[in-house]
Amino acid sequence: MRIATWNVNSLTVRLPQVLDWLQANPVDALGLQELKLTDDKFPLQALQEAGYHAVTHGQKTYNGVAILSRTPVRDVVRNIPEHEDAQARIIAATLDTESGPLRLINGYFVNGQAPGTDKFAYKMRWLEALREWVRQELAANERLVLVGDFNVAPEDRDSFDPEGLRETIHHTSEERQHFRDLLELGMSDAFRLFEQPEKSFSWWDYRMLGFQKNRGLRIDHILVSEALRPCVSACVIDRAPRKNPQPSDHTPVVLTLG
């Protein structure tokens, strides 16, 4: 089974690229972030024709998340329960697989702008609420996968300039601690279960030849529960879509189970 995550930075713009990628990479489930459209504008028919069911949590202009699945999903949750939030950032669903139910949470984590700002404080509150909810989800679902654009580079090796960017957004001690807190719930960073090339990134700035110079960050992650860790056989970053004309600034990360 293969599960992927991809911040498409506008599904309206990137839909042809998503369809092409799914045809070449027929994953079983795909978490999308930054849809930037409302649910009524979601291209459901095009994705159904490509062989996917979809559940969505959209928002005009900003944010928005979706789960695409080869099979129908159930028990859908939108946003973090009991955490008031006007922004569409979380969608979760249960997939019934051959190996049993699998809970998939897909998130577009808060950016935070800069330490000391109101947006950074919002990010801290949101991450605290997420951690407590994921704790509950793990208690109810031992087979759990958390995917998304985390907007956190968890270690120095996840940044093209760890010293120059130290304690700036995505690199702060507070953000990295929140990432570790998720791992301490009993989750593993699937990408780091394997030897990986140095300077492996999933996001590159559009400016200053960021991709061409590999001035990137690894901020798109897939975390797996302890019950799934023995099943993880691969986790890779697919750089190819970042070479497309008019690409997203993010590229997919793909997990293989079994």
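These legends accompany several close-up views of a predicted model.

Because the model is predicted, local features need pLDDT of at least 70 and side-chain atom pairs count only at pLDDT 80 or more, while totals for chains, interfaces and linings use all residues. Residues are numbered from 1 along each chain as its sequence is written, and side-chain values use heavy atoms, with hydrogens and water left out.

**View 1. The annotated domain, residues 4-250.** In an unreviewed entry, UniProt lists these residues as "domain: Endonuclease/exonuclease/phosphatase"; its positions are given in the numbering used here, feature names are shortened, and annotations may be inferred rather than shown by experiment. Over residues 4-250 the chain is 22% helix and 27% strand, where helices (H or I, at least four residues) and strands (E, at least two) are DSSP runs numbered from the N terminus. The C-alpha atoms at the two ends of this stretch are 13 Å apart.

**View 2. An open sheet of 6 strands.** Follow the order β5-β6-β7-β8-β12-β9 and you will meet mixed pairing; two strands pair if DSSP finds at least two bridges between them. The edges are β5 (73-78) and β9 (187-189), each of which pairs on one side only. From one strand to the next, the twist averages 20°; axes here are lines fitted to C-alpha atoms, for helices over the stretch in contact, and angles run from 0 to 180 degrees between N-to-C directions.

**View 3. Strand β6 and its partners β5 and β7.** Look at β6 (residues 90-97), which runs antiparallel to β5 and is joined to it by 4 bridges. Across this pairing, V73 stands opposite L95, and R74 stands opposite T94. Toward β7 there are 8 bridges, again with antiparallel strands. β6 and β7 make a hairpin with 2 residues between them, and T97 has G100 in β7 as its bridge partner. Of the 8 residues of β6, 6 are buried, so the strand is largely enclosed by the rest of the structure. Buried means under 20% relative accessible area, exposed over 50%, and partly exposed in between (1.4 Å probe, protein chains only).

**View 4. Helices α3 and α4 lying across the sheet strands.** Helix α3 (residues 118-140) lies across β5, β6, β7 (100-108), β8 (144-149), β9 and β12 (220-225). Its direction makes an angle of about 175° with β7. Helix α4 (residues 173-184) lies across β8, β9 and β12, running at about 125° to β9.

**View 5. The largest nonpolar core, with 26 residues.** A nonpolar core is a set of buried Ala, Val, Leu, Ile, Met, Phe, Trp, Tyr and Cys residues joined through side-chain atoms within 4.5 Å. The residues with the most contacts inside this one are I105, W126, L130, W133, L146 and L182. Two or more residues come from each of β6, α3, β8 and α4, and α3 gives the most, with 10 residues. Apart from this core lies another, of 24 residues, among them A93, L104, V147 and C235.

**View 6. The surroundings of L182.** Leaving aside neighbours within four places in sequence, L182 is in contact (heavy atoms within 4.5 Å) with F109, L130, R131, V134, L146, F150, M187 and L223.

**View 7. A salt bridge between helix α3 and strand β7.** A salt bridge here is a side-chain nitrogen of Lys or Arg within 4 Å of a carboxyl oxygen of Asp or Glu. The side chains of E137 and R103 meet in one, at 2.8 Å from N to O. This pair links distant parts of the chain, with E137 in α3 and R103 in β7, 34 residues apart. E137 is buried, with a relative accessible area of 11%, and R103 also counts as buried, at 5%.

**View 8. Further charged pairs.** A search of the whole structure finds 16 salt bridges. In one of them, K36 and E34 meet at 3.8 Å, N to O; K36 is partly exposed at 29% relative accessible area, whereas E34 counts as buried at 12%. E163 and R166 form another, with their closest N and O atoms 2.7 Å apart. Here E163 is exposed, with a relative accessible area of 58%, while R166 is partly exposed, at 33%. Elsewhere, R131, E132, R135 and D181 are joined into one network by salt bridges that share partners.
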